[in-house]
Amino acid sequence: MTEFSFWDILRNLLLAARWTVLLSLVSFVGGGVVGAALLFLRIGGRRWMRLLSRGYIQLFQGTPLLMQLFLAFFGLGLFGIDVPAWLAACVALILWTAAFLAEIWRGCVESIAKGQWEASASLGMGYLQQMRYVILPQALKVAVPPTVGFSVQVVKGTALTSIIGFVELSKAGSIVTNATFQPFTVYGLVALIYFALCWPLSKSSQLLERKLNVAHRNH
Amino acid sequence: MTYHFDFGWLIDYVPVLLKGIRITMQLSLIGAVFGVALGIACAWVRALGPRWLKPVVATYVELIRNTPFLIQLFFIFFGLPSLGIKMSELTAANLAMIVNLGAYSCEIIRAGIQATPRGQFEAGASLAMTPFQAFWYVVLVPALQRIWPALSSQIVIVMLGSAVVSQIAAEDLTFAANFIQSRNFRAFETYIVSTLIYLALAILLRQLLAGLGWMLFPRKASR
């Protein structure tokens, strides 16, 4: 039987962690794009758009991410698409991230005083112009800390894709455990690698919050 | 597309689903009660506790909040036995949920405590309360009242997160769904139905918690 050194374990886990990072980036960027679209539907426009967007957000926030992954994995297959685990993982995580980001950003847009909408309307701006020139530039500043904070949830969310068979950090942890019979060391290391990915994000979210709040108070 | 949806056969599996629902609810209930209790204890340490204990609690909170629940679960169920600590799937699942919610609720409750004016402690002290009594009777209740919505959301999130305990063979709702799926390969119908059950459970739990908050804190918070 092959012996595994501590270094072998760590190296294999770090190699797999690249996929965690990549998947997180894809989900976060894709989720941001879809989330922005949802946001526009959610706060403006017609009633049915608002209802649709609200229903979407409720559905994705009110069900486990794991179930969404299963549905993407098995559901897309029904349409005759051959679904590799990475595709199901990306689709489910993007849709899930979008729901949360849309809701976070809605809070930020709603924190902008109503007078700003009215003032820009009185200048004859349309809805999109109001958003583009008046509301979003202000809301963006409020949105940065919670958005960075949510990225931690995305990184942690990618761990679930191991269950449908995508080989990232968590799955690598299970595989390495099965090979080495050292679950304590392996899962401890896996946890530490996740921590190393997430903690800087949490911290910077807190720092940004403090910094932007100070800026806010000086107005 | 040639797939034909068929939900009729699910009738045979209603008892399996019901058992899964029962276990998911049971896990969530125990997790919520002990998790929030742990959160209150940790929030007390961070606000008023002995100096040496503060960094311990801070480390615990940061570690849990920055690692996935799945890994915490695996660490408890697969990792701890190497230290001679063995437990059943359900115990491990519950322990993971309590530890997880404990860290999050600590932060939420701490935010509520920080929003409480310092004068409240002093007012308590002037009534000859010990710091602990002032914390318990004067500070904690308004703090809980203030953060109740955030705490409720976190409890719902933990309930939904509990879906992954199926991975250590705890027989919750997801485990039931996987079992049914493995019997008849009708994956899509099975998971759609269990997803909708989760949605219903989440809505129900949110209503229950709102009702509980309304019962526990009948008066509006004075701001």
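This is a guided tour of a predicted two-chain model, one selection at a time.

Local features are reported at pLDDT of at least 70 and side-chain atom pairs at pLDDT 80 or more, whereas totals for chains, interfaces and linings use all residues. Residues are numbered from 1 along each chain as its sequence is written, chains are lettered from A and ligands numbered from 1 in the order written, and side-chain values use heavy atoms, without hydrogens and water.

**The two chains**

Select chain A and colour by secondary structure. Eight helices and zero strands are assigned, where helices (H or I, at least four residues) and strands (E, at least two) are DSSP runs numbered from the N terminus. Its C-alpha atoms fill a box of roughly 80 × 50 × 20 Å along the principal axes.

Switch to chain B. Chain B also comes to eight helices and zero strands, and the box for its C-alpha atoms is roughly 75 × 45 × 30 Å, again along the principal axes.

**Between the chains**

Show both chains and select the residues in contact (heavy atoms within 4.5 Å). The selection holds 35 residues of chain A and 37 of chain B. About 3,200 Å² is buried between the chains, and carbon and sulfur atoms give 78% of that; buried area is the accessible area (1.4 Å probe) that two parts lose on being put together, summed over both. In chain A, pick A:Met67, A:Leu78 and A:Phe184: these lose the most area to chain B, together 21% of what that side buries.

How many salt bridges are there between chain A and chain B? The count is zero, a salt bridge being a side-chain nitrogen of Lys or Arg within 4 Å of a carboxyl oxygen of Asp or Glu. Over all chains the count comes to seven.

**Chain A: H1 and H4**

Select residues 6-43 (helix H1) and 85-110 (helix H4) of chain A. The two helices pack at about 50° with their axes 6 Å apart. Axes are lines fitted to C-alpha atoms, for helices over the stretch in contact, and angles run from 0 to 180 degrees between N-to-C directions. The angle makes H1(A) oblique to H4(A); under 35 degrees counts as roughly parallel, over 145 as roughly antiparallel, 65 to 115 as roughly perpendicular and the rest as oblique.

The crossing is right-handed, meaning that the near helix is turned clockwise from the far one by less than a right angle, while anticlockwise would be left-handed. The contact has 18 nonpolar, six polar and three charged residues. Here Ala, Val, Leu, Ile, Met, Phe, Trp, Tyr, Cys and Pro count as nonpolar, Asp, Glu, Lys and Arg as charged, and the others, Gly among them, as polar.

Stay on H4(A) and show A:Arg106 and A:Glu103. They form a salt bridge, with the closest N and O atoms 2.9 Å apart. Both lie in H4(A), three residues apart, about one turn of the helix.

**Chain B: H1 against H2 and H6**

Select H1 (residues 14-48) and H2 (residues 53-65) of chain B. Their axes come within 9 Å and cross at roughly 135°, so the helices are oblique to each other. H1(B) passes H2(B) in a left-handed crossing. Residues to display include B:Leu38 and B:Val45 of H1(B) with B:Val57 and B:Val61 of H2(B). The contact divides into nine nonpolar, no polar and two charged residues.

Finally, keep H1(B) and add H6 (residues 131-161). These axes come within 10 Å and cross at roughly 140°, which is oblique as well. This crossing is right-handed. Among the contact residues are B:Trp44 of H1(B) and B:Trp136 of H6(B), and the classes are 14 nonpolar, two polar and no charged.
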